[in-house]
Protein chains: 2
Amino acid sequence: MSDRQALLFANEFFYRAFAGRDLDALREIWADSPHISCTHPGWNPLIGRVAVLESFRSILQGPNPPDVQCLAPDAVLLGDVAYVLCHEALGGHFLTATNIFIRHGRQWRLQHHHAGPAASPPETTEFQPGPVN
Amino acid sequence: MSDRQALLFANEFFYRAFAGRDLDALREIWADSPHISCTHPGWNPLIGRVAVLESFRSILQGPNPPDVQCLAPDAVLLGDVAYVLCHEALGGHFLTATNIFIRHGRQWRLQHHHAGPAASPPETTEFQPGPVN
């Protein structure tokens with residue numbers, strides 16, 4: 001498995017753990033570091049492993065745990081740090097996410113997650129770039 | 001200047017360039033890489049230096065260029081990659097941002113920017129974490 005494949009696997013692991021309401025798997029994919037952080041849609045950033053995992057516990061045990069699916073992940077590797085940009089589909093709505101990972105041995109673990117509203121599904125391009133020098 | 005100070009300086013440089021409608025300074029702070037990316041609030045991610053810089057040109061030349069201010073930046077350094085979490089104040093509204101930087105020599109350059117709605121100003125904590133093992 002290439003580095004990129006391992007990274008995309010880790011990203012998919014996160015979303016399957018979230019959709020599967022699997023808090024043990026979420027504990028596994030988040031980096032074992034006190035400095036992890038998470039910005040849920042419309043929230044302020046949560047800093048630290050305790051706050052981040054407690055937020056997922058709260059969401060998963062709440063009345064409407066999200067049936068979330070990851071779409072169109074795009075991976076950027078920068079040595080032992082990497083990030084994935086992707087869309088999230090939730091019951092007909094779309095979010096866009098930035099997920100930062102760090103390498104632990106041969107595994108990628110989630111360091112920071114930020115999700116917010118998206119303009120449209122990932123296939124649609126709403127902006128046509130022109131020349132910039 | 002420490003690495004952390006240089007990183008926070010670069011983050012502040014980005015916001016001053018944005019608020020100052022200084023496209024030349026924005027060209028300078030964004031990494032000189034074809035793989036930079038930017039998720040403006042409510043937009044889909046823009047990929048590539050041409051698309052990213054053209055979006056800033058469009059916003060700055062539009063009817064309501066933002067009078068944006070960075071608040072409460074929190075820096076995380078991971079070798080030659082780093083990120084800053086911060087709030088953005090825009091005329092009484094608040095956003096929260098994730099800004100990923102990469103090191104170019106002694107300078108930090110912006111690799112990815114993602115901004116979305118925040119729950120409140122940065123001083124307010126809306127979530128009280130409990131114990132998680």
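Here is a short back-and-forth about a predicted model with chains A and B.

Reader: What makes chain A count as compact as a globular protein of its length?

Author: Set the two values side by side. The radius of gyration of chain A is 15 Å, and the globule rule gives 14 Å for 133 residues; those are close, so chain A is as compact as a globular protein of that length. For the outer dimensions, the C-alpha trace spans about 45 × 35 × 25 Å along its principal axes. Buried residues make up 39% of the 133 in the chain.

Reader: Which elements is chain A built from, and in what pattern along the sequence?

Author: Chain A has three helices and six strands, and reading along the sequence you get α-α-β-β-α-β-β-β-β. As for contacts with a separation of 6 or more, 44% of them in chain A link residues 24 or more positions apart.

Reader: What is the strand order in the sheet of chain A, and which strands are at the edges?

Author: The order is β2-β1-β6-β5-β4-β3, an open sheet with mixed pairing. The edge strands are β2 (46-47) and β3 of chain A, each of which pairs on one side only. Helix α1 (residues 3-19) of chain A packs on this sheet, where it touches β3, β4, β5 and β6, and its direction makes about 150° with that of β3(A).

Reader: What makes the pairing in that sheet "mixed"?

Author: Look at β6(A) and its partners. With β1(A), strand β6(A) pairs in the parallel sense over three bridges, and there Cys38(A) stands opposite His113(A). With β5(A), strand β6(A) runs antiparallel, joined by 10 bridges, and Ile102(A) stands opposite Arg109(A). Two strands count as paired from at least two bridges. Three bridges for β1(A) and β6(A) and 10 for β5(A) and β6(A) both pass that cut-off. One parallel pair and one antiparallel pair fit the mixed label.

Reader: Where does the chain turn between β5(A) and β6(A), and which residue there has a positive phi?

Author: The two strands form a hairpin with two residues between them, and Gly105(A) takes a positive phi near 65°.

Reader: Why is β6(A) called largely enclosed?

Author: Count the residues: eight of the 11 in β6(A) are buried, so the strand is largely enclosed by the rest of the structure.

Reader: How do you know whether Ala31(A) is buried or exposed?

Author: A residue is buried if 20 or more other C-beta atoms lie within 10 Å of its own. Ala31(A) has 20 such atoms within 10 Å, so it is buried. Ala31(A) lies in the loop between α2 (23-29) and β1 of chain A. Leaving out residues up to four places away in sequence, Ala31(A) touches Ile36(A), Ile102(A), His104(A), Arg109(A), Leu110(A) and Gln111(A). Leu110(A) is 79 residues from Ala31(A) in sequence, yet the two are 5.3 Å apart in space, C-alpha to C-alpha.

Reader: What is the arrangement of the sheet in chain B?

Author: Chain B has an open sheet of six strands in the order β2-β1-β6-β5-β4-β3, with mixed pairing. Its β2 (46-47) and β3 (68-78) stand at the edges with a single partner strand each, so one side of each is left without a neighbour in the sheet. Strands β5 (residues 93-104) and β6 (residues 107-117) of chain B pair in the antiparallel sense over 10 bridges, with Phe101(B) opposite Leu110(B).

Reader: Why is the relation between chain A and chain B that of a two-fold axis?

Author: A rotation of 180° with 0.0 Å of shift along its axis superposes chain A on chain B, with an RMSD of 0.0 Å. Such a rotation is the relation of a two-fold axis. In chain A, the C-alpha nearest the axis belongs to Gly116(A), 2.7 Å away.

Reader: How do you know that the same surface serves both copies?

Author: Of the contact residues of chain A, 98% recur in chain B, so the same surface serves both copies.

Reader: What makes up the side of chain A that touches chain B?

Author: In total, 40 residues of chain A are in contact with 40 of chain B. On the chain A side, β1 (37-39), α3 (49-60), β3 (68-78), β4 (81-90), β5 (93-104) and β6 (107-117) each supply at least two residues. α3(A) gives the most, with six residues. By class, that side has 21 nonpolar, 14 polar and five charged residues.

Key
Residues numbered from 1 in each chain as written. Chains lettered and ligands numbered in written order. Predicted model: local features only at pLDDT ≥ 70, side-chain atom pairs only at ≥ 80, totals over all residues. Contact = placed C-beta atoms within 7 Å. Helix = DSSP H or I, 4+ residues; strand = E, 2+ residues; numbered from the N terminus. Nonpolar A, V, L, I, M, F, W, Y, C, P; charged D, E, K, R; others polar. Least-squares fit on C-alpha atoms with pLDDT ≥ 70 in both. Rg over C-alpha atoms; globule rule 2.2 N^0.38 Å. Buried ≥ 20, exposed ≤ 12 C-beta atoms within 10 Å, placed from the backbone. Axes fitted to C-alpha atoms, helices over the stretch in contact; angles between N-to-C directions.
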